[in-house]
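Here are some friendly notes to read alongside the model. Please keep the structure open as you go through the points.

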Amino acid sequence: MCECARPRLSIVIPAYNESERLPTTLKAIDEYVTASGETTEIIVAEDGSEDNTLSVARAFVSRDASYHVLPLPHRGKAAAVRSGILMARGEHVLFTDADLSTPIEYASRLVRALDDGADVAIGSREGAGATRVSEPGYRHVMGRAFNLMVRLVAVPGIDDTQCGFKAFRRDVAADLFGRARLHVGGGVVRGARVTGFDVEILHLARRRGYTVAQIPVFWEHVSGSKVHPLRDSFRMATDVARVRLNAMLGRYD
């Protein structure tokens with residue numbers, strides 16, 4: 001990347017087998033960037049897809065943003081987000097799911113919270129002002145049960161750790177993702193890999209004394225989710241336990 005003026009905002013999009021959705025997503029983000037008038041960079045962290053996501057990402061040309069594609073071996077969403085965030089140059093860094101289940105326009109609310117003094121701003125699908133649409137009942141129940149465990153074990157006081165829409169001051173992002181211990185190895189994985197890396201990042205944020213703002217957002221369940229209810233619930237519960245264990249053993253100090 002060039003050593004030019006730092007963009008106001010970096011938007012990181014982890015993408016695994018997203019060739020069908022990615023063109024619409026990138027178009028929507030590009031239109032948001034144009035309307036906002038802010039200097040912005042867009043980073044697609046391409047997670048070793050088995051379809052033509054990489055070629056689709058490389059074919060896109062942004063009108064107003066600095067645009068980058070980061071090709072990666074398939075190591076899962078956590079590794080893709082981390083790689084994209086550590087590459088980002090913006091004053092603020094936001095990551096969003098490739099399905100834009102939370103519309104990109106809500107980025108302005110998260111950025112405003114950072115401008116107002118928060119170190120981390122997270123989209124929340126819970127509480128006053130939040131809206132959830134089309135979510136299957138079983139997924140909502142499982143999500144609330146998981147959040148209860150998270151609040152008891154690792155991150156008290158945060159009602160929704162898993163919404164894939166989070167923003168950070170750049171120095172804070174570098175600190176938190178640089179200290180992460182989960183899913184940072186170099187091994188290639190198979191299939192979609194949904195994990196509890198958000199829990200570790202928010203646990204670290206609290207541990208490091210950073211201010212976390214919870215911003216109510218609109219969220220719509222989008223068909224084609226890569227979440228496997230039983231397998232991924234077990235993996236995420238294991239991640240929460242690992243965060244607790246790492247904390248007890250002083251691995252975050």
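**Notes on the predicted model**

1. Let me begin with strand E1, whose two faces are both covered: Leu9, Ile11, Ile13 and Ala15 on one side, and Ser10, Val12 and Pro14 on the other, are all buried. Strand E1 spans residues 9-15, and seven of its seven residues are buried. Buried means under 20% relative accessible area, exposed over 50%, and partly exposed in between, with a 1.4 Å probe and protein chains only. Helices (H or I, at least four residues) and strands (E, at least two) are DSSP runs, numbered from the N terminus.

2. A word on the basis of these notes: this is a predicted model, in which local features need pLDDT of at least 70 and side-chain atom pairs count only at pLDDT 80 or more, while totals for chains, interfaces and linings use all residues. Residues are numbered from 1 along each chain as its sequence is written, and side-chain values use heavy atoms, with hydrogens and water left out.

3. Which strand is joined to E1 by seven bridges? The partner is strand E2 (residues 40-47), and E1 and E2 run parallel. Within E2, glutamate 41 stands opposite serine 10. Two strands pair if DSSP finds at least two bridges between them.

4. On the sheet as a whole, seven strands form an open sheet with mixed pairing, in the order E3-E2-E1-E4-E7-E5-E8. Its edge strands are E3 (66-72) and E8 (212-216), each pairing on one side only. Direction ignored, neighbouring strands of this sheet are turned by 20 degrees against each other on average; the axes here are lines fitted to C-alpha atoms, for helices over the stretch in contact, and angles run from 0 to 180 degrees between N-to-C directions.

5. Edge strand E8 is joined to strand E5 (residues 120-124) by five bridges, and the two run parallel. Valine 212 in E8 has valine 120 opposite. You may also like to look at proline 216: its C-alpha atom is separated by 9.1 Å from that of arginine 109, although the two residues are 107 apart along the chain. Arginine 109 is found in helix H4, and its 40% relative accessibility makes it count as partly exposed.

6. Now the cavity. The structure holds one cavity of 30 Å³ or more, and about 60 Å³ of space lies in the largest cavity. On a 1 Å grid over the protein atoms alone, a cavity is a set of points where a 1.4 Å probe fits but cannot get out, and lining residues have an atom within 4 Å of a point. Grid points are joined across faces, edges and corners, and a volume is the space filled by probe spheres set on the points.

7. What lines the largest cavity? The residues are Ala78, Arg82, Phe177, Ala180, Leu182, His183, Val184, Phe197, Glu200 and Ile201. Helix H3 (77-87) and helix H7 (197-207) each supply at least two of the lining residues, and H7 gives the most, with three. By class, the lining has seven nonpolar, one polar and two charged residues; Ala, Val, Leu, Ile, Met, Phe, Trp, Tyr, Cys and Pro count as nonpolar, Asp, Glu, Lys and Arg as charged, and the others, Gly among them, as polar.

8. The structure holds four aromatic pairs. One of them joins phenylalanine 60 and tyrosine 67 edge-to-face, at 5.2 Å centre to centre and 65 degrees between the planes, and both residues are buried. Rings of Phe, Tyr and Trp (its six-membered ring) pair if their centres lie within 6.5 Å; planes under 30 degrees apart count as stacked, over 60 as edge-to-face and the rest as tilted.

9. Why is the pair of phenylalanine 168 and phenylalanine 177 edge-to-face? Because the planes stand at 85 degrees, with the ring centres 5.5 Å apart. Phenylalanine 168 counts as buried at 1% relative accessibility, and phenylalanine 177 does at 2%. Phe95, Phe168, Phe177 and Phe197 form one aromatic cluster.

10. Finally, two loop residues deserve a look. Most residues other than glycine have a negative phi. Leucine 100 has a positive phi of about 50 degrees; this residue is found in the loop between strand E4 (92-96) and helix H4 (107-115), and is buried, with a relative accessible area of 17%. Serine 134 also has a positive phi, of about 65 degrees, and lies in the loop between strand E6 (131-133) and helix H5 (137-153).

Definitions and conventions. 1 Å grid on protein atoms, 1.4 Å probe; cavity = no way out; pocket = protein on both sides within 12 Å on 5 of 7 lines; lining within 4 Å.
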